[in-house]
Amino acid sequence: MEKLTLENVMQTIPIRPRNSHKGSFGSVLAVAGSLWYRGAAALAVEGALRTGAGIVTLASVEPVLTAVTARLPECCLCPCEMGAEGGISPEEQNLERIRRQKASVLLLGPGLGGSAQSAARAQETKRLVERLLPEFPGSGVLDADGLNAAALLLAEGKNVPHPAGELIVTPHPGEMARLTGLRTADFNESTESRRETASRYARAWNAVVVLKGAGTVVAAPDGQTAVNTTGNPGLARGGSGDVLSGMAAALLACGLPAYEAACAAVCLHGAAADRAAVRRGEYGMLPHDLLEELGGIFAEYRR
């Protein structure tokens, strides 16, 4: 099993050519956010922008778009009609509007809402995942409420939806338990048990699995596995995973294969957290502090 270090993963990220343009670095379409979780969309979108994606478009409801553009004027917008509990409605008009957006990577899930809001919200999010991901012509990242929607589909005897290209899924232990039917104690006792579980389901789902936690494990369908060596307990708060999903989507858009993109995103995410902890402490650091540290890392490695 490979051990991820910043020095190693930075070698997989290409230097940006002097004659490049925004089209050189792909485009991310983030379907994210709801009235309940406006910040999740903002963190995911900024994670993608700060990690090099050429264009990032956010498809969401109007209150989320307003909040995100106040912080990130660089983000393009795809306004969507509101459904249950202030989330994105899966009505055909919304689906068609989202499908018209040109993107090489679909990021689906952060802040969409689910059963914590209502059964209706969970069903609408499931419908979004079931309709959008299989029809997407590029690669995808499925995170957060997108994973919970996939768990509902699996419980119905269906498969994890897959785009035409590669897929990265980013479960924390609780989400992995919902997806697999296992107890967290069944796979979270050691790095080796986490590796075995991530590898088994990477093959079953034909996806790169990022099993988050202390020593995040990355597993590919072909059997490759890696464990991360960066990061600290300051990441243990809501929003950290949203940043990571945006970073992984951006690296996919920049042309990295899914396994390399996931490994680089995980390691960079942890390295940014380590720098944030030096400045603010593990208790005082926040997920958006990671975004401020990414620029310094890329500048140091001239990426």
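## A walk through the predicted chain

Let's start at Glu85, whose place is in the loop between strand 4 (76-80) and helix 4. Helices here are DSSP runs of H or I with at least four residues, strands are E runs of at least two, and both are numbered from the N terminus. Before going on, a word on the ground rules: this is a predicted model, in which local features need pLDDT of at least 70 and side-chain atom pairs count only at pLDDT 80 or more, while totals for chains, interfaces and linings use all residues. Residues are numbered from 1 along each chain as its sequence is written, and side-chain values use heavy atoms, with hydrogens and water left out.

Back to Glu85. What is its phi, given that it is not a glycine? The angle is positive, at about 55 degrees. Most residues other than glycine have a negative phi. Glu85 has a relative accessibility of 34%, so it counts as partly exposed; the scheme calls a residue buried under 20% relative accessible area, exposed over 50%, and partly exposed in between, using a 1.4 Å probe and protein chains only.

Ala144 tells a similar backbone story: phi is positive there too, near 55 degrees, in a residue other than glycine. You'll find Ala144 in the loop between strand 6 (139-142) and helix 6 (145-155). Its relative accessible area is 15%, so Ala144 is buried.

Glu85 also leads us to another loop residue, Gln117. Leaving aside neighbours within four places in sequence, Gln117 is in contact with Glu85, Trp36 and Tyr37, where contact means heavy atoms within 4.5 Å. Gln117 sits in the loop between strand 5 and helix 5 (119-132). Is Gln117 buried or exposed? It counts as buried because its relative accessibility is 13%. For a sense of distance, Gln117 and Asn188 are 71 residues apart in sequence, and their C-alpha atoms are 28 Å apart in space.

Strand 5 (105-108) also borders the loop that holds Ala103, with helix 4 (92-99) on the other side. If you skip residues up to four places away in sequence, Ala103 touches Ser27, Val28, Leu29 and Phe136. Asn159, by contrast, lies 24 Å from Ala103, C-alpha to C-alpha, and 56 residues away in sequence.

Now pull back to the whole chain. The secondary structure comes to 12 helices and 10 strands. Along its principal axes, the C-alpha trace spans about 45 × 45 × 35 Å. The radius of gyration is 18 Å, which agrees with the value near 19 Å for a compact globule of 303 residues; that radius is taken over C-alpha atoms, and the globule rule is 2.2 Å times the number of residues to the power 0.38. Of the 303 residues, 57% count as buried. Look at contacts between residues at least 6 apart in sequence, and 69% of them join residues at least 24 apart.

As for the outside, the accessible surface comes to about 12200 Å², with 50% belonging to carbon and sulfur atoms. These areas come from the Shrake-Rupley method with a 1.4 Å probe, and for residues only the protein chains shown count as cover.

Next, the aromatics. How many aromatic pairs does the structure hold? One. The rings of Tyr201 and Trp205 have centres 5.0 Å apart and planes at 40 degrees, so the pair is tilted. Rings of Phe, Tyr and Trp (its six-membered ring) pair if their centres lie within 6.5 Å; planes under 30 degrees apart count as stacked, over 60 as edge-to-face, and the rest as tilted. Because Tyr201 and Trp205 are four residues apart in helix 9 (residues 191-205), about one helical turn separates them. Both Tyr201 and Trp205 are buried.

The last stop pairs two distant residues. Gly223 lies in the loop between strand 9 (217-219) and strand 10 (225-228), and it is partly exposed, with a relative accessible area of 35%. Asp289 is found in helix 12 (residues 287-300) and is buried, at a relative accessible area of 4%. The C-alpha atoms of Gly223 and Asp289 are separated by 34 Å, with these positions 66 residues apart along the chain. Not counting residues up to four places away in sequence, Asp289 touches Ala276, Arg280 and Gly284.
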